[in-house]
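Biologist: I am new to this structure and would be grateful for a close look at a single part. Please describe the surroundings of one strand residue, and then set that part within the rest of the chain.

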Amino acid sequence: MSTSTVPADNSFQLSQLWRDARYRSYSIQIIALIVALSVVMMLIGNAVENLEALGKDFNFGFLYEPAGYDIGQVLVDYTSASGHWKAALVGLLNTLLVAFLACLTATIIGVFVGVLRLSNNWVVSRLMAVYIEGVRNVPLLLQILAWYAVFIHVFPTPKQAVKAPVIEGAVYATNRGFYIPGLTFDGGYQIVVAVLLASIAGIFVFRRWARQRQEATGQILPVGYITLGILIVPSVLAYFAAGMPIGLDYPVAGRFNLKGGLKVGTPLIALWFALSIYSAAFVAEIVRAGIMAISKGQTEAAYALGLRPKRTMSLVVLPQSLRIIIPPMISNYLNITKNSSLAIAVGYMDLTGTLGGITLNQTGREMECMLLLMATYLLISLSISAVMNVYNESVKLKGR
């Protein structure tokens, strides 16, 4: 009797546990995790076997070998004798540069277009609608190539640009890029930079205090002028007190090209313009949706209190719409960063062009390069998401 009842008791206990929602949920998750890990281990095992069959191993020592190729747009010192890790770093900085510029410009243009899209002026509203629908329905790659062609064929050669500068002796627009004054640093420039950073921190503190004062008393300070003063006055005083350690290096005409100054290459400008204008169309629709989600009663109440339309938009409507606008904007910023990988189409050497392009082809380390490339883009995306989520929390409606 005892031997026959034990299996029955065990099956009864198992059936009872399976009916428990928590036990069943944990069991399914554990089984799914085991299956996923098994698949990953199988893929890794197959990759190792295939690499051994090809006579390859898995290591990242190639990063310290000489890169052997030049990069046109660099933000740090780099030569063809530098290692592949340095080339990857240059590509990473170029990716971050164009992504930052495009995010900033797309936001400004998008907010402007989104507000004008709701204008009572029929012509203005329809023009913005044509821009939005026209731009966002054309593939981004085609727009990048189109802008690159415009800059290549419309702007003059460097020799011709010297005769028709944008700003005499300072700014030249050529089909090779824009030449602008660059910065030179002498001893003591660290003081000026430190004062500038302290001024920026002071601006955040002041604006927060001004906002709290306005909420408490209703009095509005001229925040814009005071912010400008905090930014400029201390930095200018520190600049002259340190003996003017920061100067300008102006571009000058050479025999065949312009020399000196700072060159912003045509590939960077074309990519920046295309990403900004393309993404601004999506930003405009996000802003329009956020504004339209705010009750008209808010606007009518602001008008009843004597606020003008401009101040109503900046003080009442836009602050409330941020909680609706920010979440989709995070995705838009991530898309801009990932879309920057199309830079290779116009020869802009970003991370995909260096680590995922020339370095991969020269070393034959396709798996290592692809893993590093994916991990880097993942880290960038997670960082952007983290920063924007913190900001999103700060603009959420908070109950008392």
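**A strand residue and its surroundings**

Modeller: Leu248 counts as partly exposed, at 46% relative accessibility. The model in which this residue is seen is a predicted one. Leu248 belongs to strand S4, which covers residues 246-249. Apart from neighbours within four places in sequence, Leu248 is in contact with Pro181, Gly182, Leu183 and Thr184. Along the chain, Leu248 and Val223 are 25 residues apart, and their C-alpha atoms are separated by 31 Å.

One of the contacts of Leu248, namely Gly182, repays attention from its own side. Gly182 is part of strand S3, residues 182-185. Because its relative accessibility is 8%, and buried means under 20%, Gly182 counts as buried. When neighbours within four places in sequence are left aside, the contacts of Gly182 are Gly247, Leu248, Asp249, Gly261 and Leu262. Gly182 also has a C-alpha to C-alpha distance of 7.9 Å to Gly260, although 78 residues of sequence lie between the two positions.

Just ahead of strand S4, the loop between H8 and S4 holds Met244. This residue has a positive phi, near 50°, and is not a glycine. That merits a remark, because most residues other than glycine have a negative phi. Met244 is partly exposed, with a relative accessible area of 46%.

The wider setting may be taken from the record. The unreviewed UniProt entry places the feature "transmembrane region" at residues 26-48, 92-116, 137-155, 187-206, 226-248, 268-291 and 372-391. Leu248 is thus the end residue of one of these annotated spans, 226-248. In the model, the span 187-206 is 90% helix and 0% strand, with its end C-alpha atoms 31 Å apart. The span 372-391 is 100% helix and 0% strand, and the C-alpha atoms at its ends lie 29 Å apart.

Some of the helices also take part in the largest pocket, which holds about 2500 Å³ of space. This pocket is lined by 48 residues, and the closest to its centre are Arg207, Arg211, Pro319, Leu322 and Tyr391. At least two lining residues come from each of helix H3 (84-117), helix H7 (189-217), helix H8 (223-241), helix H11 (309-339) and helix H13 (366-395). H11 gives the most, with 14 residues. By kind, the lining divides into 32 nonpolar, eight polar and eight charged residues.

Aromatic rings form another feature of the model, with a count of 10 aromatic pairs. Phe151 and Phe155 make a stacked pair, with 5.4 Å from centre to centre and 10° between the planes. Phe151 is buried, at a relative accessible area of 6%, whereas Phe155 is partly exposed, at 23%. Phe151 also pairs with Phe273: the ring centres are 5.4 Å apart and the planes stand at 90°, so this pair is edge-to-face. Since Phe151 lies in helix H5 (residues 140-154) and Phe273 in helix H9 (residues 266-292), the pair ties together parts that are 122 residues apart in sequence. Phe273 itself is partly exposed, with a relative accessible area of 31%. Ring pairs link both residues into a cluster with Trp147, Phe155, Phe178 and Trp272.

Two further places complete the picture. In helix H12 (residues 351-363), the buried residues include Leu351, Thr352, Gly353, Thr354 and Leu355, and also Gly357, Thr359 and Leu360. H3 and H13 are among the elements that cover them. After H12 comes Gly364, with a positive phi near 70°.

The other place is Gly83, in the loop between helix H2 (21-53) and H3. Gly83 counts as buried, at 12% relative accessibility. Not counting residues up to four places away in sequence, Gly83 touches Leu63, Glu65, Pro66 and Ala67. The C-alpha atoms of Gly83 and Phe62 are separated by 8.5 Å, and the two residues are 21 apart along the chain.

To return to the part requested, Leu248 in strand S4 has among its contacts Gly182, a residue of strand S3.

Technical notes. Residues numbered from 1 in each chain as written. Predicted model: local features only at pLDDT ≥ 70, side-chain atom pairs only at ≥ 80, totals over all residues. Heavy atoms only, no water. UniProt positions renumbered as here; feature names shortened; annotations may be inferred. Helix = DSSP H or I, 4+ residues; strand = E, 2+ residues; numbered from the N terminus. 1 Å grid on protein atoms, 1.4 Å probe; cavity = no way out; pocket = protein on both sides within 12 Å on 5 of 7 lines; lining within 4 Å. Points joined across faces, edges and corners; volume = space filled by probe spheres on them. Nonpolar A, V, L, I, M, F, W, Y, C, P; charged D, E, K, R; others polar. Phe/Tyr/Trp six-rings, centres within 6.5 Å; stacked < 30°, edge-to-face > 60°. Buried < 20%, exposed > 50% of the residue type's maximum accessible area, 1.4 Å probe, protein only. Contact = heavy atoms within 4.5 Å.
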